[in-house]
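Q: Can we go through the pocket and the ligand in this one? Put it up and start with the pocket lining.

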Amino acid sequence: MDLTELVNAAQAEMTAVQTAEQLESFRIKYLGAKGLLKQASDHIKQIPADQKRSYGQALNAVKQTITEAFERRKSELESQPTAVKGVDVTEPGRISHDPYRPGCLHLIQQTIDDLIDLFSQMGYSVADGPELEDEFHNFEALNVPLDHPARHPLDNFYLDLKPDEPPLMLRSQTSSVQIRVLESHKPPVRIIAPGRVYRPDTVDATHSFMFHQLEGLYVDKNVTMVDLKTCIDLFARAFFGDSVRTRFRPSFFPFTEPSAEFDIQFTSTGGSSRWVELGGCGMVDPNVLSAVGIDPQIYSGFAFGLGIERIVMRRHGIADIRDLFQNDVRFLRQFA
Ligand code: FA5
């Protein structure tokens with residue numbers, strides 16, 4: 001065995017050793033019990049007697065060179081930080097000031113749950129409808145004719161559809177659920193429908209392009225505007241406390257007659273007050289009842305649609321609606 005070739009090969013291989021596994025393979029190959037050095041050592045038997053001494057000396061020098069190279073690389077690798085492949089599940093967790101904090105519901109979902117609790121105590125059950133809605137439920141059956149400005153493409157998210165399919169849209173109001181419920185249930189009907197709605201509104205402190213509404217609908221015999229105002233007042237006091245200030249303003253919605261908007265007073269930390277619109281409401285228009293086959297001579301009803309973000313903001317003193325959607329956990333954890 002050529003010892004010069006052996007040592008050269010070992011040194012070349014050692015330059016490629018980067019990991020503990022490669023170093024161990026190197027050790028087995030050269031320094032192991034059946035390794036190349038052992039074979040070179042066994043080879044001495046075949047060396048003529050007069051050359052044994054010089055072969056032995058050369059072999060010792062090769063052994064020393066390879067062993068030293070091995071030891072040097074070993075200590076270099078041991079002093080390097082261990083490179084972790086993937087996740088080391090045996091590594092202990094990093095202990096922060098708050099190691100085991102559980103997750104929590106988003107503030108909007110917490111508020112929806114509280115609203116459901118409150119209205120169920122007033123006899124309302126929860127109804128649902130699709131967010132991807134057709135124009136019949138979002139507009140037509142709600143007495144909003146084709147030429148009404150609320151249906152303008154710039155004010156809604158219509159879907160780009162094939163011409164032979166009925167147009168679909170992201171619903172712009174939860175009032176669509178009024179129709180879905182009345183299509184399948186005969187009065188008395190008393191429901192709330194919380195859910196997401198979408199409008200291409202310009203985003204500012206009180207407007208978002210996606211937000212949540214809570215629709216309310218009560219249809220029975222002899223339902224009057226007094227019932228509507230009582231319901232809204234009960235809700236406002238239960239939710240914001242007896243000292244809350246609300247006001248009704250006459251308004252217009254195609255699906256209610258008469259219609260109103262109601263506002264709630266926001267008082268900022270500086271003490272100044274402003275009115276913020278919380279929702280729209282009114283007595284269900286007879287045309288809407290007729291559209292779903294309910295006789296408006298026998299039945300009447302009221303409906304309302306509350307902006308859930310506005311309720312959340314008033315309840316928790318949040319000045320900007322955008323804080324609710326940025327998903328900054330430092331903000332959201334305050335309400336855990
Ligand atoms: C409606 O959407 C009617 N469907 C409400 C209604 C229901 C009237 C039943 C009569 C009977 P309006 O567009 O005003 O109405 O919206 C209702 C509430 O949603 C507003 O008062 C406000 O609180 C909230 N809202 C409206 N636009 C936004 C927006 N871009 N971002 C956040 N909240 C909004």
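A: The lining of the largest pocket divides into 14 nonpolar, 16 polar and eight charged residues. Ala, Val, Leu, Ile, Met, Phe, Trp, Tyr, Cys and Pro count as nonpolar, Asp, Glu, Lys and Arg as charged, and the others, Gly among them, as polar. This is a predicted model, where local features need pLDDT of at least 70, side-chain atom pairs count only at pLDDT 80 or more, and totals for chains, interfaces and linings use all residues. Residues are numbered from 1 along each chain as its sequence is written, and side-chain values use heavy atoms, with hydrogens and water left out.

Q: Which element gives the largest share of that lining?
A: β8, with six residues. Elements are DSSP runs numbered from the N terminus: helices (H or I, at least four residues) and strands (E, at least two).

Q: And what sits in the largest pocket?
A: The ligand does, meaning more than half of its atoms lie within 2 Å of the pocket's grid points.

Q: Which element gives the most to the shell around the ligand?
A: β8, with five residues.

Q: Polar contacts next. What does glutamate 277 do?
A: An N or O atom in its side chain is 2.5 Å from an oxygen atom of the ligand. A polar contact here is a pair of N or O atoms within 3.5 Å.

Q: Any backbone ones? Which atom of the ligand does serine 208 approach?
A: A nitrogen atom, 2.9 Å from a backbone N or O atom of serine 208. Leucine 278 has a polar backbone atom 3.0 Å from a ligand oxygen.

Technical notes
Polar contact = N/O pair within 3.5 Å; in protein donor to acceptor, adjacent residues only side chain to side chain. 1 Å grid on protein atoms, 1.4 Å probe; cavity = no way out; pocket = protein on both sides within 12 Å on 5 of 7 lines; lining within 4 Å.
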